[in-house]
Amino acid sequence: VCEALFRCGIHPARQACTLTGEEAAALAEAIPQILEQAIASGGSSLRDYVQADGTKGGFQDLHLVYGREGAPCPNCGAEHPVQRITQSGRSTFFCPTCQK
Ligand SMILES: [Zn+2]
C-alpha cells in the first residue's frame with residue numbers, strides 16, 4: 001500500500017472519494033505492477049515471513065518508503081522526509097513533500 005501511494009504521489013490520509021480519476025487510474029495501474037514485483041522478488045521478509053523453501057524474500061530491499069522512516073526520498077531528494085504514521089493500528093510510511 002505504501003509503495004503504491006508513494007509511486008502515485010497520493011497522501012495516505014486521503015479519503016478514496018477525494019481521488020481524481022487520474023489518480024485512481026494511476027493507482028489501478030501501479031498496484032498490480034507492485035504486486036508483480038513483490039512476487040517476483042519473493043515477497044517482503046519484514047519479521048518472520050519466509051518463502052516455502054525457507055529462504056527470505058527480497059522485496060523489502062526494493063521498498064522506497066515502507067520501513068524507511070527518516071530516510072532520504074528517492075523522488076524529491078530531501079534528506080530525511082520519510083515519515084511514519086499509524087492508521088488503524090498499522091504503520092504507514094510516506095513523503096509529505098511528494099504525496100499530497
Ligand atoms: Zn519526496
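**Group meeting: glycines, cysteines and the largest pocket**

Let me begin with Gly42, which sits in the loop between α2 and β1, the strand of residues 83–87. Please keep in mind throughout that this is a predicted model.

Is Gly42 buried or exposed? Its relative accessible area is 8%, and because the limit for a buried residue is under 20%, Gly42 is buried. Once neighbours within four places in sequence are set aside, Gly42 is in contact with four residues: Tyr49, Gln51, Gly57 and Gly58. Pro72 provides a reference point elsewhere in the chain. Gly42 and Pro72 are separated by 30 residues in sequence, and their C-alpha atoms are 25 Å apart in space.

The next residue to consider is Gly43, also placed in the loop between α2 and β1. Gly43 has a relative accessible area of 14% and is therefore buried. Its contacts, again without neighbours within four places in sequence, are Ala38, Tyr49, Gly57, Gly58, Phe59 and Gln60. Tyr49, Gly57 and Gly58 thus appear in the contact list of Gly42 and in that of Gly43. For one of these partners, Phe59, I can add a distance: Gly43 and Phe59 are 16 residues apart in sequence, yet 5.3 Å apart from C-alpha to C-alpha.

I turn now to the largest pocket. Its space amounts to about 770 Å³. The lining consists of 28 residues, and those that lie nearest the centre are Val1, Cys2, Tyr66, Arg90 and Ser91. Which elements of secondary structure supply at least two residues each? They are α1, spanning 2–8, α2, spanning 21–40, and β2, spanning 90–94. Of the lining, α2 contributes the largest share, with five residues. In terms of residue character, the lining comprises 16 nonpolar, eight polar and four charged residues.

Cys2, one of the residues nearest the centre of that pocket, brings us to the cysteines. How many disulfides does the structure hold? The number is zero. Cys2 accordingly belongs to no disulfide, and the nearest cysteine sulfur, that of Cys8, lies 13 Å away. A disulfide would require the two sulfur atoms to be within 2.5 Å. As for accessibility, Cys2 stands at 7% and so counts as buried. Cys95, at 0% relative accessibility, counts as buried too.

Cys2 is also a contact of Thr92, a residue of strand β2. Thr92 is buried, with a relative accessible area of 9%. Leaving out residues up to four places away in sequence, Thr92 touches Cys2, Pro12, Gln83, Arg84, Ile85 and Gln87. With Gln87 there is a specific interaction to point out: the side chains of Thr92 and Gln87 are joined by a polar contact of 2.8 Å.

Between β1 and β2 runs a loop, and Ser88 is found there. What is notable about the backbone of Ser88 is its phi. The angle is near 50°, which is a positive value in a residue other than glycine. Is Ser88 buried or exposed? Since its relative accessibility is 80%, and exposed begins over 50%, Ser88 counts as exposed. Thr92, by contrast, is buried at 9%.

The last residue I wish to mention is Thr20, in the loop between α1 and α2. With a relative accessible area of 40%, Thr20 is partly exposed. That value falls in between the two limits, under 20% for buried and over 50% for exposed, so neither of those classes applies. Thr20 and Pro81 are 61 residues apart in sequence, and 25 Å apart in space from C-alpha to C-alpha.

To close, I return to two points. Gly42 and Gly43 are both buried, and both are found in the loop between α2 and β1. Cys2 is buried, lies among the residues nearest the centre of the largest pocket, and is touched by Thr92. Thank you for your attention.

Notes. Residues are numbered from 1 along each chain as its sequence is written. This is a predicted model: local features need pLDDT of at least 70, side-chain atom pairs count only at pLDDT 80 or more; totals for chains, interfaces and linings use all residues. Side-chain values use heavy atoms; hydrogens and water are left out. On a 1 Å grid over the protein atoms alone, a cavity is a set of points where a 1.4 Å probe fits but cannot get out, and a pocket is an open set with protein on both sides within 12 Å along at least five of seven lines; lining residues have an atom within 4 Å of a point. Grid points are joined across faces, edges and corners, and a volume is the space filled by probe spheres set on the points. Helices (H or I, at least four residues) and strands (E, at least two) are DSSP runs, numbered from the N terminus. Ala, Val, Leu, Ile, Met, Phe, Trp, Tyr, Cys and Pro count as nonpolar, Asp, Glu, Lys and Arg as charged, and the others, Gly among them, as polar. Buried means under 20% relative accessible area, exposed over 50%, partly exposed in between (1.4 Å probe, protein chains only). Contact means heavy atoms within 4.5 Å. A polar contact is a pair of N or O atoms within 3.5 Å; within protein, one must be able to donate a hydrogen and the other to accept it, and residues adjacent in sequence count only if both atoms are side-chain atoms.
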